[in-house]
Structures are given as structure tokens and as C-alpha cells.
Amino acid sequence: MMAKEKKKKTPIPFRLNFMFFLIFILFSSLIIRLGIVQIVYGDDYLREVDRTENDVANTPVPRGKMYDRNLNPVVDNEPRNAITYTKYPNTKTADMVKTAEVLATLIEKDTKKVTLPDKKDFWILKHPKEAEALITKAERKKVVEKKLEQKNLYKLQMERVTDEDINEFTKDELEVIAIFREFNSGYALAPSIVKNKDVTTKEFARVSEHLDEMPGVDVTTDWERTYKYDKTLRSVLGKVSSSEEGIPSENIDYYLARDYTRNDRVGKSYIEKQYEDVLRGQKTRIENVLSKGEVIKTNTLTEGQSGKDLVLTIDMELQQQVEKIIERELRKTKAKGNTYLLDRAFVVLMDPNTGEVLTMAGRQYGRNSKTGLTEMNDFALGNITTSYTMGSSVKGATVYTGFQTGAIAPGSAFFDRKLQLARAKPKGSYSELGYVTDVSALKKSSNVYMFMTAIKIAGGHYIPNRPLGINREAYSIMRNHYAQFGLGVRTGIDLPNESVGFKGVDMSTDGLLLDLSIGQYDTYTPMQLAQYVSTIANGGKRLEPHMVREIRNPSNEHQELGSVFKTMSPKVLNDLGGKDVWMQRVQEGFRQVAQEPGGTAYKYFGGKSYRAAAKTGTAEAFYDGPRRNQYSAPVPTINLTLVGYAPHNNPEVAFSVVVPWVYQGKPSDDINKRIGRDVMDAYFKLKEKRAKGESDADKAVESTQ
């Protein structure tokens with residue numbers, strides 16, 4: 001028995017001893033490793049924990065303001081209470097939700113912009129267990145096997161959150177979602193707007209009192225663009241993106257490369273966009289010192305500065321008067337019969353000696369989307385974005401081109417009677433005018449004189465019912481000479497999206513070259529027409545039109561302008577050159593149009609004290625407006641134009657009037673001449689009133705001395 005018991009008491013198996021030995025070795029290695037970390041690298045790790053980081057953030061400043069040429073405010077900034085949120089690097093999503101819940105109890109937040117994905121995302125955050133259950137074990141296994149990406153699980157969760165789940169949200173919860181949505185729209189350490197519209201005094205005060213409960217939330221003063229003249233010139237002044245829009249997606253790379261953030265407000269169109277670099281100002285640069293992901297200190301590196309202000313060339317009082325004249329005359333003519341296509345008119349007033357645009361007016365009939373009623377809208381942009389056949393207004397360029405090419409000389413005469421071209425209808429003036437010279441051809445608006453000039457430019461010869469034998473290069477020759485006046489090329493105005501007009505492509509028919517010579521083939525913009533007549537007014541220099549007169553430094557005083565930063569000097573794009581007598585003959589023709597009996601505008605300008613020079617235009621055209629698709633074929637219509645300047649012997653203002661698609665068929669109208677006359681009357685009456693006002697003010701000062 002005893003022997004058997006001894007046999008059973010065997011020693012501990014070797015394998016068990018070996019296992020204990022391995023455990024001892026592993027624990028020893030771990031202790032040694034911890035010792036190395038603690039003793040050798042301990043100080044390094046402590047320094048890493050205590051290490052601070054510097055991160056620089058930019059804070060936006062108000063945009064520069066705009067004034068008209070008389071220093072009347074046009075575009076200003078209205079200060080508004082605002083609530084912002086700054087997201088810090090280590091901020092957890094759960095903490096952001098808590099902050100949003102607190103803030104929602106203090107302010108009213110519009111929930112209209114809360115989207116379906118916003119609701120689903122928030123539901124997943126608030127219901128983590130239920131959200132986890134939306135993913136199957138098989139799908140999680142695919143992630144482990146790398147057959148499915150981790151981010152796709154979230155997409156599956158979003159797809160599987162039901163309408164029933166998100167419809168359970170109360171109004172208060174929707175406000176939390178709306179606020180949380182704004183929190184997420186910002187970038188680390190860059191303040192984003194949570195609410196800047198209709199922030200009440202009570203809301204502002206409540207939030208201020210509870211800032212310590214809401215990390216990242218702050219109260220500040222924001223700004224909103226205001227327009228002192230309401231809708232006047234709004235399309236040209238341009239738009240600024242909202243804080244919600246930020247940088248337009250199509251320009252994102254451009255602006256990010258220039259130190260913008262994605263939620264910065266920028267100029268979206270026209271003057272606001274063209275002068276963005278000037279108007280944006282200099283942001284406040286703030287250095288945030290971080291330790292362990294927490295901001296422990298902030299330093300202001302550079303103080304911000306509001307954007308520079310623009311002084312426009314526009315006279316807003318005159319602009320408003322011109323718009324009223326256009327609107328009145330449009331309504332008057334529209335009330336007549338056969339004017340169903342008439343819907344717009346344009347006027348540009350320009351200083352021919354500087355290129356400053358004094359008014360850029362356009363009005364257009366439109367339909368109110370809410371009421372369905374017809375109303376008159378601002379269409380000032382049409383002066384640079386739309387083009388039309390201008391008719392006889394461009395004949396000054398044709399006569400001068402004839403001089404430059406040697407086709408005609410001062411005093412050259414032709415007999416005005418209809419031309420009978422081969423296989424074509426007769427072409428002529430509105431009546432047979434007999435012998436006309438370069439000057440009387442302008443005065444009476446002879447088409448035949450321009451036809452004969454064009455034929456000679458083209459090296460052709462007129463024989464009734466025979467081909468003219470013209471050189472097809474004549475199209476390019478005439479267009480190149482017209483371009484020296486600004487016709488058919490960009491004027492260079494400091495606005496984007498300027499149209500150059502359209503050039504006729506068919507050069508196979510002799511008659512089309514003749515049409516080009518009287519402004520009935522290529523199309524031009526109202527601004528090009530103003531540049532053209534300004535070139536004639538100043539004696540042959542094509543000046544670049546511009547909308548900004550000065551750039552001013554920002555002022556600390558809200559009601560005062562800062563010092564002049566830059567003055568826009570006149571820019572000559574080209575000089576026509578040539579003999580003085582050539583331009584004098586054209587100018588004399590324009591003078592006789594307005595001041596001599598028999599002139600096509602004498603009825604409206606004869607006897608005016610400001611002694612205008614002008615040229616009328618009537619173009620047979622085809623309607624290509626917004627209702628074009630209602631007609632199976634192009635509809636013939638009449639465009640009416642007028643160009644001029646005053647006084648004729650010392651021009652201080654040049655103008656173009658363009659009224660497309662006025663009537664169809666036989667009826668006629670002088671809306672172009674009425675608008676031109678009334679606009680010139682308004683300009684000189686306003687000038688006289690201001691001069692008298694200044695004189696009265698001077699007398700008042702003298703009487704007190």
C-alpha cells in the first residue's frame with residue numbers, strides 16, 4: 001500500500017515549471033521596460049505632455065463702404081448683435097451637443113434650414129446603442145476582413161434611421177439640431193456665426209450671463225450690408241455672400257490660397273467682387289496658445305482694420321432722376337399700340353474727358369413672382385451684358401473710317417438715291433436726299449452716303465444691278481477701325497462679365513457690308529456706344545470707362561471719410577490719330593443734327609442753352625429677347641438709339657440712349673429722343689441747382705463774417 005502511495009506523489013511536471021519560468025521572464029521584461037520609460041524617457045514624455053502649440057486664427061472685419069461722387073453713402077454696414085461658436089481642437093462631439101442644448105434654452109433659433117441628414121446624424125449621436133444595432137454582425141465582420149470600409153458603416157446607419165425615428169423630435173430638440181449644425185459648420189479656432197439676425201437684447205444678455213456654461217460660445221458685433229438708395233443700381237453694386245454661404249464653391253481654391261477661410265463672406269458679383277481685395281479689409285490675427293488641446297492663452301498679433309472705402313463715379317441723385325425718366329417714357333410708349341415686345345431701355349452718361357461713368361441706368365419690365373403683377377425692375381447691368389444693332393448712331397465711325405482709309409475726304413459728296421444691287425431689293429435712305437456731303441450726311445442721316453463710303457473702302461464700284469466687286473477684307477478693315485472707337489470690343493470698364501457684342505459671320509452678300517456701315521449688322525452694348533461718342537466728343541481719345549473714382553482709407557469716425565488711398569486717373573486705351581479736320585467734320589455733323597433745322601434731333605435739342613451735339617439711330621432688327629421661344633420665326637422689330645454730348649464746343653458729358661424692340665411695322669416713336677432730351681435737361685438743371693446752392697452757402701458764410 002505504502003509503495004503505491006509513493007508512486008502517486010510524482011514531482012511537478014516539467015511543462016508547468018517551464019510555463020512559470022516564461023511568466024517570470026515576461027514580468028521581468030515588463031518591469032524593465034517600465035523602468036526604462038520612467039527613468040530614461042520619463043522627462044521627455046513629461047515635456048511632451050506639457051508642450052504647448054501656437055495656432056493663429058483670423059477674425060473677420062467689416063467690409064469697406066461705398067459712396068457716390070458727391071460723398072453720399074450708397075452701401076454701408078449695419079452693426080448687429082451676434083452669437084458665435086469657436087471649436088477647439090480637443091472638443092468632443094458630446095460636449096458640443098451639451099453646449100448646444102444649453103444655448104437652445106437661451107435663444108430662439110430658426111429651424112428651417114435643418115435638413116434630413118442633420119436630423120439623422122443627431123439621432124445617431126443621441127441614440128448610440130440603437131444606432132449600433134442598425135449594423136449587422138456580418139457587416140462588422142466585413143470591416144475586420146477589410147471587405148468594407150469603416151466609414152461605410154456610418155452611411156448604412158444614416159440610411160437605416162427611419163422617418164418614424166426622426167419625427168419624434170420636439171421643437172426644442174430641432175432648435176438644438178439647428179444650433180449643433182452651426183457648431184459643425186465652422187473650423188477649429190475660427191469663430192462661426194450661430195445667429196446674427198434678429199438677436200434680441202434679452203437673448204444677447206442671457207447668453208452673456210451664461211458664457212461660462214458654454215465653452216466656445218461668445219457674443220460679438222457682426223455687420224450686414226445696407227443700401228441707402230434701396231434698389232437703385234443694386235445689380236451693379238453687386239452682392240456679398242452670407243456667413244452661411246461663405247466662399248462660393250466655384251472660387252474656393254482662389255480664396256483659400258489668399259488666406260480666406262471657407263465661411264468668410266466675399267463679394268459675389270460686380271463692384272463687390274471686382275474690388276474684393278480692397279473692400280475685405282485686414283483681419284485681426286489672434287494667436288491661440290494650446291496645451292493638452294486646451295487654449296491657455298490668446299495673443300493679438302495684429303489688429304484688424306476695416307476694408308477700404310470706395311468713392312464711385314456715379315451721381316446717385318442724377319441716377320435716380322434718369323431712372324424715373326426711363327420708366328416714365330417706357331410706360332408712355334408701352335401704352336401705344338404695336339409695342340408688345342418693348343420691355344427695356346438704357347442710358348449711360350459719361351465724362352468724355354475722364355471716362356467716369358456718371359449714370360448707368362437700365363429699366364426692364366418684369367413679373368413679380370409673388371403677386372404675378374408686372375413691375376419695373378433695375379437692369380443697369382444690361383448696359384454691359386446685352387448688345388443690340390444700334391442703327392445710324394454709329395455713322396460717325398463710318399465717316400471717320402472713310403477719312404482714315406482714304407475712301408473719302410472732307411467735303412466729299414454723293415448723290416443720295418436708292419441703290420439697286422444685283423439680285424437684291426433696293427437699298428437707300430428714308431427718302432432721297434440729293435447731294436450730301438460728309439457733314440450733311442450725318443445731319444440728315446443719309447444711308448446712301450455710308451453705303452458709297454463702304455463700297456470705296458472695299459475697293460468696289462457701284463453699277464446698278466451689278467455685283468459691287470468688293471474685297472471681303474473690308475469687313476475686317478471696318479471692324480478694326482470701329483474698334484478704335486470702342487465698338488465691338490470690351491470697353492475695359494471695371495466690372496466683370498462685359499459683353500463684346502456679336503459680329504455677323506456671313507460675308508458672302510454685298511448688301512451685308514452696307515448694313516454694317518449703317519449699324520444694322522453687328523451688335524454693340526450701350527456702354528460701347530457711350531465710349532464711342534465720348535471718343536468723338538474729346539477729339540479722338542478712347543478712354544477706359546470706370547465706376548470707381550477713389551479708394552479711401554477706413555475712418556475711425558463712422559460719419560467721416562478717411563484719407564485718399566488712391567485716385568483713379570483717366571486711362572487712354574488708344575488715340576485715333578489722323579488729321580484734326582477729320583474729327584472736326586464729324587463733330588460738326590453731330591452739332592448740326594441737334595442744333596440746325598433739318599437735323600434729325602433738332603426738334604428736341606434745338607434752342608437748348610447747353611448746345612448739344614447728337615446722332616440719332618433707327619435699326620431694323622429681329623427680336624431676340626426673353627419671349628423669343630414663343631415665335632416660330634424671328635420677329636422683325638425696330639431698335640431706337642441716340643448718342644450725343646454737351647456743350648458741343650467744350651464737352652463735359654456724353655450720353656448713349658438705347659431702346660430695343662420698340663415697335664413692329666409702320667408706327668414710329670421718338671422715345672429715344674425724348675429720353676435723351678430729358679436726361680440732358682436733368683443733368684444741367686441739377687448742375688445749376690448745385691451751383692446756386694453753393695453760391696447761397698458762400699453768401700451765408702460771408703454775411704456772418
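**Buried threonines, a greasy patch and some unusual backbone angles**

In this predicted model, T313 sits in the loop that runs between strand 8 (309-312) and helix 16 (316-334). Despite being a loop residue, T313 counts as buried, because its relative accessibility is 0% and the cut-off for buried is under 20%. What does the side chain of T313 reach at 3.1 Å? The partner is the backbone oxygen of H546. H546 also turns up in the list of residues that T313 touches, once neighbours within four places in sequence are set aside. That list holds a run from H546 through M547 and V548 to R549, along with E356, V357 and L358, and also R69.

A second threonine, T616, belongs to a strand rather than a loop: it is part of strand 18, which covers residues 613-622. Is T616 buried or exposed? With a relative accessible area of 7%, T616 falls under the 20% limit and is therefore buried. Its side chain makes a polar contact with the side chain of T600, at 2.8 Å. Not counting residues up to four places away in sequence, T616 touches T600 and its neighbour A601, as well as S392, S393, V593, T641, L642 and K673.

Out on the surface, things look rather different in character. F18, F21, L22, F24 and I25 together make a nonpolar surface patch of about 500 Å². One of these residues, I25, is found in helix 2, which spans residues 14-40. I25 counts as partly exposed, since its relative accessibility of 36% lies between the 20% and 50% cut-offs.

The backbone has a few quirks too. Most residues other than glycine have a negative phi, and most peptide bonds are trans. Against that background, D198 has a positive phi of about 60°, although it is not a glycine. D198 lies in the loop between strand 4 (192-195) and helix 11 (201-209), and it is exposed, because its relative accessible area of 70% is over 50%.

R423 is another non-glycine residue with a positive phi, in this case near 50°. R423 is also a loop residue, placed between strand 12 (413-416) and strand 13 (434-437). At 81% relative accessibility, R423 counts as exposed.

Finally, which two residues does a cis peptide bond join? They are A646 and P647, with omega at about -20°. P647 is found in the loop between strand 19 (636-646) and strand 20 (653-663).

Conventions
Residues are numbered from 1 along each chain as its sequence is written. This is a predicted model: local features need pLDDT of at least 70, side-chain atom pairs count only at pLDDT 80 or more; totals for chains, interfaces and linings use all residues. Side-chain values use heavy atoms; hydrogens and water are left out. Helices (H or I, at least four residues) and strands (E, at least two) are DSSP runs, numbered from the N terminus. Buried means under 20% relative accessible area, exposed over 50%, partly exposed in between (1.4 Å probe, protein chains only). A polar contact is a pair of N or O atoms within 3.5 Å; within protein, one must be able to donate a hydrogen and the other to accept it, and residues adjacent in sequence count only if both atoms are side-chain atoms. Contact means heavy atoms within 4.5 Å. Patches are made of residues with over 30% relative accessible area and no salt bridge: like charges are joined within 9 Å, nonpolar side chains (Val, Leu, Ile, Met, Phe, Trp, Tyr) within 5 Å. Accessible areas come from the Shrake-Rupley method with a 1.4 Å probe; for residues, only the protein chains shown count as cover. A salt bridge is a side-chain nitrogen of Lys or Arg within 4 Å of a carboxyl oxygen of Asp or Glu.
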